[in-house]
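Trainee: Can you walk me through this one? I'd like to take it a residue at a time.

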Amino acid sequence: MPRITPNLWFDTQAQEAAEFYVSVFPNSKITSVTNYGDAVPDRAGTVLTVQFELDGQPYLALNGGPQFTFDEAVSLSIECADQEEVDLYWSKLTADGGEESQCGWLKDKFGLSWQVVPAELPPLLNDPDPGRARRAMEAMFKMSKLDVAAVRAAADNG
């Protein structure tokens, strides 16, 4: 199967964004940078694309101009081992102008949406006991950053 690489469209912040993302996630690196040539005179010599990897997953950041921006229709999801990881990624991705949303969603300072999800959450939301699953979901809907202990407590207090 061919490798699928998410492409992220930026106005002019592709390199800044890639550098930020590789600083947030371990085992990450920028793999190449290309520049606009003379074919686009107003951008000649500036960054066109940045290829990078986040823990082995390739991404491409493109400086395509202001025509398109991110919205919540597409997000990147981080499955976190525990609350400590949730807290870590939440604080790093909301820093310097990021925005909290709800149910574990946030936007980083570049406007890209992320879901920061504890690994324990999906099993709670899909619990075979419908009441337990409902209570977990109701608790999650009241949160911005997810608190797995609070979701678990809500699920258990039926």
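**Starting from one aspartate**

Trainee: Leaving aside its neighbours within four places in sequence, which residues is D108 in contact with?
Mentor: Contact here means heavy atoms within 4.5 Å. Bear in mind that this is a predicted model: local features need pLDDT of at least 70, side-chain atom pairs count only at pLDDT 80 or more, and totals for chains, interfaces and linings use all residues. Residues are numbered from 1 along each chain as its sequence is written, and side-chain values use heavy atoms, leaving out hydrogens and water. With sequence neighbours within four places set aside, the partners of D108 are Y21, L93, G98 and W114.

Trainee: Where along the chain is D108?
Mentor: Elements here are DSSP runs numbered from the N terminus, helices being H or I with at least four residues and strands E with at least two. On that numbering, D108 belongs to the loop between β7 (105-107) and β8 (113-118).

Trainee: What is the nearest side chain of opposite charge to D108, and how many Å away is it?
Mentor: Lys and Arg count as positive, Asp and Glu as negative, while His and the chain ends are not counted. A salt bridge needs a side-chain nitrogen of Lys or Arg within 4 Å of a carboxyl oxygen of Asp or Glu. D108 has none, although it is buried (under 20% relative accessible area; exposed is over 50%, partly exposed in between, with a 1.4 Å probe and protein chains only). The nearest candidate is K109, at 8.3 Å.

Trainee: Which residue's backbone nitrogen lies 2.7 Å from a polar atom of the D108 side chain?
Mentor: Without a salt bridge for D108, look to the backbone. A polar atom of the D108 side chain has a backbone nitrogen 2.7 Å away, and that nitrogen belongs to F110.

Trainee: OK, salt bridges elsewhere. How far apart in sequence are the parts that R43 and D11 tie together?
Mentor: The closest N and O atoms of the R43–D11 salt bridge are 3.5 Å apart. R43 sits in the loop between β2 (29-35) and β3, and D11 in the loop between β1 (7-10) and α1 (14-24), so the parts tied together are separated in sequence by 32 residues.

Trainee: Is R43 buried or exposed?
Mentor: Its partner D11 is partly exposed because its relative accessibility is 27%. R43 has 16% relative accessibility, so it counts as buried.

Trainee: Where do K107 and E72 lie?
Mentor: Their side chains meet in a salt bridge of 2.9 Å, N to O. This pair links distant parts of the chain, 35 residues apart: K107 is in strand β7, and E72 is in the loop between β4 and β5.

Trainee: What separates R134 and E138 along their helix?
Mentor: The two side chains form a salt bridge at 3.2 Å, N to O. Both are in helix α4 (residues 130-141) and four residues apart, so the separation is about one helical turn.

Trainee: Which residues are joined into one network by salt bridges that share partners?
Mentor: The count for this model comes to seven salt bridges. Those with shared partners build one network from D127, R132 and D156.

Trainee: Which side chain makes a polar contact with the side chain of T49?
Mentor: T49 is in strand β3 (residues 47-54) and counts as buried because its relative accessibility is 13%. A polar contact is a pair of N or O atoms within 3.5 Å; within protein, one must be able to donate a hydrogen and the other to accept it, and residues adjacent in sequence count only if both atoms are side-chain atoms. For T49 the distance is 2.4 Å, and the partner is T34.

Trainee: Now the largest pocket: which strand gives the most to its lining?
Mentor: A pocket is an open set of points on a 1 Å grid over the protein atoms alone, where a 1.4 Å probe fits, with protein on both sides within 12 Å along at least five of seven lines; lining residues have an atom within 4 Å of a point. The lining includes F25, Y59, Y89 and W114. β4 (57-63) and β5 (75-80) each supply at least two residues. The top contributor, with three residues, is β5.

Trainee: What is phi of N27, roughly?
Mentor: N27 lies in the loop between α1 and β2, and it is exposed because its relative accessible area is 62%. N27 is not a glycine, yet its phi is positive, at about 55°.
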